[in-house]
Amino acid sequence: MKAEPESRFENGIDVRFSIDDLRAREKPEGWDGIRAYAARNHMRNMNAGDKAFFYHSNCKEPGIAGVMEIVKEFSEDKSARRPGTPYYDPQSSKDNIRWSLVHVEFRKKFAVPIGLKELRELGKPGGPLENMMMLKQGRLSVSRVSAEEWKALNEIADEKAKEAGLKHEMTKLVK
DNA sequence: GCCAACGTTGGC
DNA sequence: GCCAACGTTGGC
C-alpha cells in the first residue's frame, strides 16, 4: 500500500503520509484517498489481521518502509464526500458509495528500507519477485503480495538490518 | 462494447 | 517538471 512521505499540497492541503506519521498515530488510521477501482477492490478483499507493506512513493527514495496490519475491514471512504478537499469525488454520494478504505495500524519500520531499485532486481526473471503485482502494475497504489513474496521480502529486510547492525523499530512513537 | 481522448501516477 | 504507462470516461 503506497503513500507519499514528502509534503505535497493539493487544494492547499498537505497529502503527505509517511510510515513515521503512521507510527505516531494513537488510533487506527483510515487508508483514505484510494481512487482506482482495482486498488479499492484489493482493500475490500482484505481481512482483519492481514498484514501489508507500507510503500513510500513519489519521493526521493521510493521503496518498502515497513509493515502494518489491517485492523478493521472495509468501510466507506468519507473523504470522497468532502468538497474542496483533495480526495473529493462529486460522483460519490451517500446513496452511491464508490470508495472504500480499511483501517491500519503500525507494526514495524524497517531498519533499512527496501528500495525500488532492489525490488526491480528481485523482480527479474527467476528472481523471488518475478510475478509481483506491484512491479507489473506500477501505478496501482494497493496491490496483492503473495505469501512467498511476503516471506522473501521480510527475510531481505531482516538481512539488511543485520548487515547494518540495526534493529527494526517495532513500537509506536510515544509523544 | 469499442476505443480515442483525457487524466493521473509516480519514477526519474 | 517531464513524460511513459495505464486507468477511466464518454461518444458512438
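**Entry 1. Aromatic pairs**

I counted six aromatic pairs in this predicted model, taking rings of Phe, Tyr and Trp (its six-membered ring) as paired if their centres lie within 6.5 Å. Planes under 30 degrees apart count as stacked, over 60 as edge-to-face and the rest as tilted. I looked up Phe-17 and Trp-31, which are edge-to-face, with 6.0 Å centre to centre and 80 degrees between the planes. This pair links distant parts of the chain, 14 residues apart. Phe-17 sits in the loop between E3 and helix H1 (19-24), and Trp-31 in the loop between E4 and helix H2 (37-44). Helices (H or I, at least four residues) and strands (E, at least two) are DSSP runs, numbered from the N terminus.

I note the ground rules here: residues are numbered from 1 along each chain as its sequence is written, and chains are lettered from A and ligands numbered from 1 in the order in which they are written. The model is predicted, with local features needing pLDDT of at least 70 and side-chain atom pairs pLDDT 80 or more, while totals for chains, interfaces and linings use all residues, and side-chain values use heavy atoms, without hydrogens and water.

**Entry 2. DNA strand C**

Which residues surround DNA strand C? I found Ala-36, Tyr-37, Gln-91, Arg-98, Lys-136, Gln-137 and Arg-139, where near means a heavy atom within 4 Å. Sugar and phosphate make up 50% of the strand C atoms that come within 4 Å of the protein. I sorted the residues near strand C into two nonpolar, two polar and three charged. In this sorting Ala, Val, Leu, Ile, Met, Phe, Trp, Tyr, Cys and Pro are nonpolar, Asp, Glu, Lys and Arg charged, and the others, Gly among them, polar.

For polar contacts I used pairs of N or O atoms within 3.5 Å; within protein, one must be able to donate a hydrogen and the other to accept it, and residues adjacent in sequence count only if both atoms are side-chain atoms. A polar backbone atom of Tyr-37 is 2.9 Å from a phosphate oxygen of strand C. For the side chain of Arg-98, an N or O atom is 3.3 Å from a phosphate oxygen of that strand. Arg-139 has a polar side-chain atom 2.2 Å from a base oxygen of strand C.

**Entry 3. DNA strand B**

Around DNA strand B I listed Lys-2, Tyr-55, Ser-57, Asn-58, Pro-62, Leu-116, Arg-120, Gly-138, Arg-139, Leu-140 and Ser-141. Here sugar and phosphate account for 75% of the strand B atoms within 4 Å of the protein. The side chain of Tyr-55 places an N or O atom 2.8 Å from a phosphate oxygen of strand B. For the side chain of Arg-120 I read 2.6 Å to a phosphate oxygen. A polar backbone atom of Arg-139 lies 3.0 Å from a phosphate oxygen of strand B.

**Entry 4. The annotated domain**

UniProt, in an unreviewed entry, places "domain: EVE" at residues 7-154; positions are in the numbering used here, feature names are shortened, and annotations may be inferred rather than shown by experiment. I found the end C-alpha atoms of residues 7-154 to lie 28 Å apart, and the span to be 22% helix and 28% strand.
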